[in-house]
Each structure stands twice: as structure tokens, then as C-alpha cells.
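Please open the model in a viewer and display it as a cartoon. The tour below proceeds selection by selection, stating what is to be found at each stop.

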Amino acid sequence: MPQGGGAPGVQAALAEYREAATGQRWTPQNPRMMRVDLGVDGQPVLARQGSMVLYQGKVDFSYKGAGMRGRIVGNATGQEMQLMRCSGQGQVFLAENAAELHPIELQGDAICVSAENVLAFDESLQHEVRRIEGHGIPGGALFTMQFQGTGTVIVKTQGTPVVLPVTPTTFADSNAIVAWSAGAQVIISSQVRLRRSAYPGHSGETVNLQFRGAPGNFIVVQPYEV
């Protein structure tokens with residue numbers, strides 16, 4: 001048998017999928033996988049449990065439990081996240097169900113993101129639950145997570161999202177909205193529509209959100225309803 005006869009062909013075929021190492025803290029490997037280098041600035045990362053698909057180097061993983069400082073609250077709000085803390089000197093590769101991943105870098109500003117759409121974020125970021133009150137909503141309110149400070153949050157979407165500027169006539173389905181600028185005003189709209197498929201016992205109605213704000217505010221919507 002020839003030694004290494006197929007190696008050059010295999011290497012060439014897989015070349016486009018090689019690891020992308022840029023020296024940056026967060027580096028997309030492809031639209032659905034993210035690499036974080038913990039050695040850059042040495043700060044830990046909080047990631048959704050089960051999202052680690054590969055790691056290199058000396059990395060410690062610990063459960064971000066209920067009694068630990070900084071846990072995201074959620075049972076009562078629907079914004080619960082089961083998190084793991086990644087620390088050490090190495091690289092961690094993150095992904096979840098082939099969802100598209102989008103790194104959003106904050107420089108002292110803030111963004112609101114549904115917990116369902118958060119994959120990971122720098123531990124240095126401040127995070128809290130924001131309440132959106134409105135009539136006709138189960139439980140009387142909707143909730144979202146607000147991230148603020150200096151660092152990166154990785155947002156995941158089903159399909160490629162669209163980013164739209166906020167205008168007085170901007171409405172979004174609450175089941176399709178992913179994120180919005182923290183400076184935008186959110187109002188529960190009285191307008192409702194029939195869902196494409198309603199399960200038995202469900203009215204088929206969903207809640208629309210109206211967004212208002214000064215120029216520069218935006219919303220992010222995915223082509224999928226949770």
C-alpha cells in the first residue's frame with residue numbers, strides 16, 4: 001500500500017474548514033460555530049450549558065448555579081438560562097442546534113435580547129431581566145434580558161435575521177423578535193393575528209410589540225417563531 005497516498009487530497013478537500021485563529025477573543029469559525037479564546041484578556045465566559053462542542057488547552061467548566069453571584073433569574077419570567085462558566089487558558093468552541101451565531105460587541109452601551117436567543121457572553125457584562133407590562137398578556141407581562149457594559153454577547157437565530165430601524169409604525173411578532181436597542185420604547189400592541197398553526201386549547205392569537213425611539217434605535221427579527 002502506498003504510504004500517505006490519499007493525504008494531500010484529503011487535506012485539500014478540508015482546507016476551507018480549518019480553524020480560523022485571528023488572535024481576537026471571539027472568532028466565528030463559520031456562521032454556526034463560535035470560538036472564544038479565554039487567554040485574551042483572561043476574563044471568564046458564561047455560556048449555555050451543553051453548547052461546548054470542542055475545547056483546546058487548559059479550560060475549567062463549572063455550573064453557574066442558583067446560589068452563585070450573577071445567576072440569570074428566570075422561573076417566574078421565562079428568561080431562565082442554565083449557564084456554565086468557562087475559565088482558564090484555552091479556546092472553547094460553541095454551537096447549538098446549527099443556529100446562526102452573531103457576536104455583538106458592547107462598548108458601554110446596552111441591548112435587550114430574549115434569553116432564548118443568548119448563547120454566551122463575557123462575564124464582565126452586566127445583565128438583568130427587563131419587564132414589559134401589557135394587557136392581554138398571559139401573566140400580565142413579557143420579559144427580556146438586558147446586557148450592558150463592555151464585552152460581547154453571542155446571539156443565536158434560526159435563519160438569517162433582519163435588522164430594521166425603529167419608526168413610529170414598527171411592529172414585530174413577540175415570538176419572532178430576537179433583540180432590540182435598549183433605548184427603544186416597547187409598547188404592547190392591541191393588534192393580534194391568527195397563528196399559522198394553533199394547538200388545541202390555544203386561541204391562535206399572538207402578541208405584537210410596537211417599537212418607538214429616536215433615530216439610531218433598531219430591532220432584530222428572525223424568520224422563525226419560537
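Two strands are taken as paired if DSSP finds at least two bridges between them. Helices (H or I, at least four residues) and strands (E, at least two) are DSSP runs, numbered from the N terminus. The model is predicted: local features need pLDDT of at least 70, side-chain atom pairs count only at pLDDT 80 or more, and totals for chains, interfaces and linings use all residues. Residues are numbered from 1 along each chain as its sequence is written, and side-chain values use heavy atoms, with hydrogens and water left out.

**The whole chain**

Begin with the complete protein, which has one helix and 15 strands. Of its 226 residues, 42% count as buried; buried means under 20% relative accessible area, exposed over 50%, and partly exposed in between (1.4 Å probe, protein chains only). A contact means heavy atoms within 4.5 Å. Among the contacts with a separation of 6 or more, 74% are between residues 24 or more positions apart.

**Strands 3 and 7**

Select residues 45-48, which form strand 3, together with strand 7; the two run antiparallel and are joined by three bridges. Within this pairing, Leu 46 stands opposite Phe 121 of strand 7. Is strand 7 mostly covered or mostly uncovered? Strand 7 is mostly covered, with five of its five residues buried.

**The largest nonpolar core**

Keep Phe 121 displayed and add Ile 111, Val 113, Val 118, Phe 147, Val 153 and Ala 179; of the 17 residues in the largest nonpolar core, these seven touch the most other members. A nonpolar core is a set of buried Ala, Val, Leu, Ile, Met, Phe, Trp, Tyr and Cys residues joined through side-chain atoms within 4.5 Å. Strand 6 (100-113), strand 7 (118-122), strand 9 (141-157) and strand 12 (177-181) each supply at least two residues of this core. Strand 9 gives the most, with four residues.

Next, centre the view on Ile 111. Leaving aside residues up to four places away in sequence, Ile 111 touches Ile 104, Leu 106, Met 145, Gln 146, Phe 147, Val 153, Ala 179, Trp 180, Ala 182 and Phe 218.

**Thr 157 in strand 9**

Follow strand 9 to Thr 157. Thr 157 is buried, with a relative accessible area of 2%. A polar atom of its side chain lies 2.6 Å from the backbone oxygen of Gly 159. Not counting residues up to four places away in sequence, Thr 157 touches Ala 99, Glu 100, His 102, Asn 117, Val 178 and Gln 222.

**Salt bridges**

How many salt bridges does a search of the whole structure find? The search finds six, a salt bridge being a side-chain nitrogen of Lys or Arg within 4 Å of a carboxyl oxygen of Asp or Glu.

Select Glu 19 and Arg 35, whose side chains meet in a salt bridge (2.8 Å, N to O). Glu 19 lies in the loop between helix 1 (7-14) and strand 1 (26-30), and Arg 35 in strand 2 (residues 33-37), so the pair ties together parts that are 16 residues apart in sequence. Glu 19 is partly exposed at 39% relative accessible area, whereas Arg 35 is buried at 5%.

Move to Arg 85 and Glu 123, where the side chains also meet in a salt bridge (2.8 Å, N to O). Because Arg 85 lies in strand 5 (residues 83-94) and Glu 123 in the loop between strand 7 and strand 8 (126-133), this pair ties together parts that are 38 residues apart in sequence. Arg 85 is partly exposed, with a relative accessible area of 25%, and Glu 123 is partly exposed, with 23%.

Then select Glu 96 and Lys 156; the closest N and O atoms of this salt bridge are 3.0 Å apart. The pair links Glu 96, in the loop between strand 5 and strand 6, with Lys 156 in strand 9, 60 residues apart. Both Glu 96 and Lys 156 are buried. Finally, display Arg 25, Asp 41 and Asp 122, which are joined into one network by salt bridges that share partners.

**A three-stranded sheet**

The last selection is an open sheet of three strands in the order 11-14-13, with antiparallel pairing. Strand 11 (170-173) and strand 13 (185-189) stand at the edges, each with a single partner strand, so one side of each is left without a neighbour in the sheet. Strand 13 pairs with strand 14 (residues 208-212) in the antiparallel sense over five bridges. To locate this pairing, select Ser 189, which stands opposite Asn 208 in strand 14.

Notes: A polar contact is a pair of N or O atoms within 3.5 Å; within protein, one must be able to donate a hydrogen and the other to accept it, and residues adjacent in sequence count only if both atoms are side-chain atoms.
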